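Biologist: I am new to this structure and would like to learn how to read it. Could we take it feature by feature?

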Amino acid sequence: MQTQRIDINTVTPGAYQSLIQLDKYVTETNLPKSLYHLIKVRASLINGCALCIQSHSNDALAGGETSKRLLALNAWADSPYFTNEERAVLTLTDETTLISENGVSNETFNEAVQILGEEKVSHAIMAIACINAWNRIGRATLLIPQ
């Protein structure tokens, strides 16, 4: 097992704290916490960030999410456990996290706006961007779950 390479909070605390502030801002928007948790866990699964998968799964469970649904997140598109709103957010999360593959399709974006409205879509995009930044920090510095 490898050890953590660097503590970014110690080396560049200003940048690290700015990301914490963005994360805090997103948690205080009108994006439902349940959607926020799904975004964080799903993006972390895609990016393979062990620390974030564990941490955000625990947060989701503490917030009322079920283990049944969390275990289904890797196959959410084929799972009956997610609402249309959640599916719109998960599709947006997948396409934004994997943006270099095909971008975010007009269909995905328009459906998300139709279901969630522009403000929640904007908040979801910021949440997706934020967790992707955390995942990249976690993977690049080899943050290890405790």
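Modeller: Start with contact, which means heavy atoms within 4.5 Å. The model is predicted. Gln-2, in the segment before α1, is in contact with Leu-142 and Ile-144, leaving aside its neighbours within four places in sequence.

Biologist: How far apart in space are Gln-2 and Thr-108, C-alpha to C-alpha?

Modeller: They are 38 Å apart, with their places 106 residues apart in sequence. For another pair, Thr-10 and His-37, the C-alpha atoms are separated by 27 Å, and the two are 27 residues apart along the chain. Thr-10 lies in helix α1, residues 8-11.

Biologist: Is Thr-10 buried or exposed?

Modeller: Exposed means over 50% relative accessible area, and buried means under 20%. Thr-10 counts as exposed because its relative accessibility is 56%.

Biologist: What should I look for in the backbone angles?

Modeller: Most residues other than glycine have a negative phi. Leu-142 is not a glycine, yet its phi is positive, about 60°. Leu-142 belongs to the segment after α9, and it counts as buried because its relative accessibility is 19%.

Biologist: Which residues have the most contacts inside the largest nonpolar core?

Modeller: A nonpolar core is a set of buried residues of certain kinds, joined through side-chain atoms within 4.5 Å. The largest one here has 22 residues, and those with the most contacts inside it are Leu-31, Ile-39, Leu-116, Ala-127, Ile-131 and Trp-134. At least two residues each are supplied by α2 (13-27), α3 (33-47), α6 (84-97), α8 (106-116) and α9 (118-141). The largest share, eight residues, comes from α9. There is also a second, separate core of nine residues, which includes Val-41, Ala-72, Phe-82 and Leu-90.

Biologist: What does Trp-134 touch?

Modeller: Apart from neighbours within four places in sequence, Trp-134 is in contact with Tyr-16, Leu-19, Ile-20, Asp-23 and Cys-52.

Biologist: How does one find a pocket?

Modeller: Rolling a probe the size of a water molecule over the atoms shows where empty space is left. In this model the largest pocket has a volume of about 160 Å³. Its lining is made up of Tyr-16, Asp-23, Lys-40, Leu-51, Cys-52, Ser-55, His-56, Trp-134 and Leu-143. Two or more lining residues come from each of α2 and α4 (50-62).

Biologist: Which element gives the largest share of that lining, and how do the lining residues divide by type?

Modeller: The largest share, four residues, comes from α4. By type, five lining residues are nonpolar, two are polar and two are charged.

Biologist: How do I read a single helix?

Modeller: An α-helix has 3.6 residues a turn, so residues three or four places apart point the same way. Take α6: it has 14 residues and reaches 20 Å from its first C-alpha to its last, close to the 20 Å expected at 1.5 Å a residue. Its buried residues are Glu-86, Ala-88, Val-89, Leu-90, Leu-92, Thr-93, Asp-94, Thr-96 and Thr-97. They pack against α3, α5 (67-72), α7 (99-102), α8 and α9.

Biologist: Why does Asn-47 count as buried?

Modeller: Asn-47 counts as buried because its relative accessibility is 14%, and the cut-off is under 20%. Asn-47 is in helix α3. Not counting residues up to four places away in sequence, Asn-47 touches Thr-97, Asn-132, Asn-135, Arg-136 and Arg-139.

Conventions:
Residues numbered from 1 in each chain as written. Predicted model: local features only at pLDDT ≥ 70, side-chain atom pairs only at ≥ 80, totals over all residues. Heavy atoms only, no water. Buried < 20%, exposed > 50% of the residue type's maximum accessible area, 1.4 Å probe, protein only. 1 Å grid on protein atoms, 1.4 Å probe; cavity = no way out; pocket = protein on both sides within 12 Å on 5 of 7 lines; lining within 4 Å. Points joined across faces, edges and corners; volume = space filled by probe spheres on them. Nonpolar A, V, L, I, M, F, W, Y, C, P; charged D, E, K, R; others polar. Expected span 1.5 Å × (residues − 1).
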